[in-house]
Amino acid sequence: MPAVVVVGAQWGDEGKGKATDQLGSRVDYVVKFNGGNNAGHTVVVGDEKYALHLLPSGILTPDVVPVIGNGVVVDIEVLFQELDALSARGVDVSRLKVSAAAHIIAPYHRTIDKVTERFLGKRRIGTTGRGIGPAYADKISRVGIRIQDLFDEKILRQKVEGSLDQKNHLLVKVYNRRAITVDETVEELLRYAERVRPMVTDCSLLLNEALDAGKTVLFEAGQATMLDVDHGTYPFVTSSNATAGGAVTGSGIGPTRIDRVVGVIKAYTTRVGEGPFPTELDDDMGEFLRKTGGEYGVTTGRPRRCGWYDAVIARYASRVNGLTDLVMTKLDVLTGLEKIPVCVAYEVDGKRFDEMPIDQSDFHHAVPIYEELDGWWEDITHVRRFEDLPVNAQRYVEHLESISGTRISAIGVGPDREATISRHDLLG
Ligand code: IMP
């Protein structure tokens with residue numbers, strides 16, 4: 001039985017929940033392996049709508065074990081806010097497992113995230129301000145605080161001291177802020193220690209044993225390919241590996257265990273935050289996509305930047321993730337357009353690029369080369385079989401499939417869970 005990785009193929013918010021829904025009740029474990037509460041997914045179950053930022057979506061499915069892997073950065077205050085909110089609505093949250101090796105977002109990480117962005121001015125990244133980057137920076141600099149440190153106050157205090165030492169110089173002397181004390185930080189972190197203790201697990205062992213026992217494990221990436229710190233549009237990226245490789249390092253399974261890698265991709269493109277976006281539309285069409293697609297951030301409420309489908313990015317995502325399947329979401333948003341442009345390549349200074357330019361500056365100057373496909377007018381939200389789609393919608397999907405590097409195995413045609421057309425079984 002398989003280990004399936006689900007990743008975003010663009011700049012995030014592709015609707016990974018659609019892929020998870022396709023796997024349905026066959027999943028036994030859902031693992032979050034990267035990122036933190038910078039993510040945001042809305043899950044609709046029956047009449048109830050849940051906005052989750054940190055918790056894996058599996059928390060809402062009875063019998064599924066949700067796991068927060070070592071690759072995640074955990075803001076424990078947010079963790080318990082989300083758990084308490086779900087408990088209050090009757091959701092059983094007792095199955096959650098948290099890796100002892102996951103790093104913690106301390107209050108000073110949030111402060112530094114915000115002041116750094118302000119200091120960068122025009123060069124800012126447009127982060128979510130949740131302390132993600134500074135927490136990962138500490139992890140790599142080997143001054144991070146891990147979940148296991150919460151259970152030994154002496155060690156916790158030493159580590160917080162070590163971590164705050166330099167930061168206070170920076171905060172006071174460069175950013176003109178007040179120093180943060182060790183006491184206030186330790187006190188805040190210890191507040192949750194006893195509550196988190198029963199959840200703490202060796203996630204690597206847990207997941208490897210689950211796979212050995214024939215269980216199905218879903219690894220759900222936060223953010224997306226183009227926001228990956230190695231493979232995205234650096235420096236306008238998040239600070240973790242949001243591509244398929246992150247599932248391995250962020251959870252403690254080996255690459256040979258992964259059977260399927262599913263990329264989720266919108267039928268058009270969106271991005272939040274700063275950074276290059278070749279097919280972005282600054283006109284009425286961009287506004288049409290934003291309004292019709294409801295393109296506003298779940299975490300920050302920011303309007304998302306919108307543009308046409310970019311097959312260069314789809315091919316790149318297929319390659320760097322080793323995708324086996326694509327799940328295309330929000331096809332219904334394109335209903336009612338006479339012509340739908342699709343980017344097939346870029347032009348930079350008179351030169352054609354069929355693949356992502358290796359030089360970031362070229363990507364910043366990339367001008368899309370479009371093909372125009374015929375649109376459709378019919379409402380498609382009730383369609384459940386591919387052959388029942390209007391012919392032009394079928395052609396749109398088939399054409400995208402032929403230029404995107406991976407087969408399109410499912411198509412989202414509306415916000416409801418069931419509003420999906422399945423073409424190939426994601427576990428078959
Ligand atoms: P950070 O992850 O808060 O450091 O933000 C870095 C970049 O990633 C910014 O452009 C954010 O807008 C973007 N980002 C982070 N999380 C998400 C997400 O879940 N969806 C879309 N963009 C995100």
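Me: Which strands are included in what covers the buried residues of α1?

Reply: In this predicted model, local features need pLDDT of at least 70 and side-chain atom pairs count only at pLDDT 80 or more, whereas totals for chains, interfaces and linings use all residues. Residues are numbered from 1 along each chain as its sequence is written, and side-chain values use heavy atoms, with hydrogens and water left out. In helix α1 (residues 16-23), a DSSP run of H or I with at least four residues, numbered from the N terminus as are strands (E, at least two), Lys16, Lys18, Ala19, Thr20 and Leu23 are buried, meaning under 20% relative accessible area, where exposed is over 50% and partly exposed lies in between (1.4 Å probe, protein chains only). Their cover, by contact of heavy atoms within 4.5 Å, includes β1 (3-8), β10 (217-220), β11 (260-266), β15 (325-329), β19 (408-412) and β20.

Me: Which strands stand at the edges of the open sheet of 10 strands?

Reply: The strand order is β9-β7-β5-β2-β10-β1-β11-β15-β19-β20, with mixed pairing, where a pair needs at least two bridges found by DSSP. Each edge strand has a single partner, so one of its sides is left without a neighbour in the sheet. The edges are β9 (200-201) and β20 (420-422).

Me: Which residue of β9 stands opposite serine 99?

Reply: Strand β7 (residues 97-99) pairs with β9 in the parallel sense, over two bridges. Opposite serine 99 is threonine 201.

Me: How many residues apart in sequence are the parts tied together by phenylalanine 119 and tyrosine 175?

Reply: The two rings form an edge-to-face pair, 5.0 Å centre to centre and 85 degrees between the planes; rings of Phe, Tyr and Trp (its six-membered ring) pair with centres within 6.5 Å, and planes under 30 degrees apart are stacked, over 60 edge-to-face, the rest tilted. Phenylalanine 119 is exposed, at 54% relative accessible area, whereas tyrosine 175 is buried at 15%. Phenylalanine 119 lies in α3 (residues 107-120) and tyrosine 175 in the loop between α5 (153-174) and α6 (182-190), so the parts tied together stand apart in sequence by 56 residues.

Me: Which residues, beyond its neighbours within four places in sequence, is leucine 389 in contact with?

Reply: The largest nonpolar core, a set of buried Ala, Val, Leu, Ile, Met, Phe, Trp, Tyr and Cys residues joined through side-chain atoms within 4.5 Å, has 61 residues, and Leu389 is among those touching the most other members. Leaving sequence neighbours aside, leucine 389 is in contact with Leu331, Ile380, Val383, Gln394, Val413 and Ile421.
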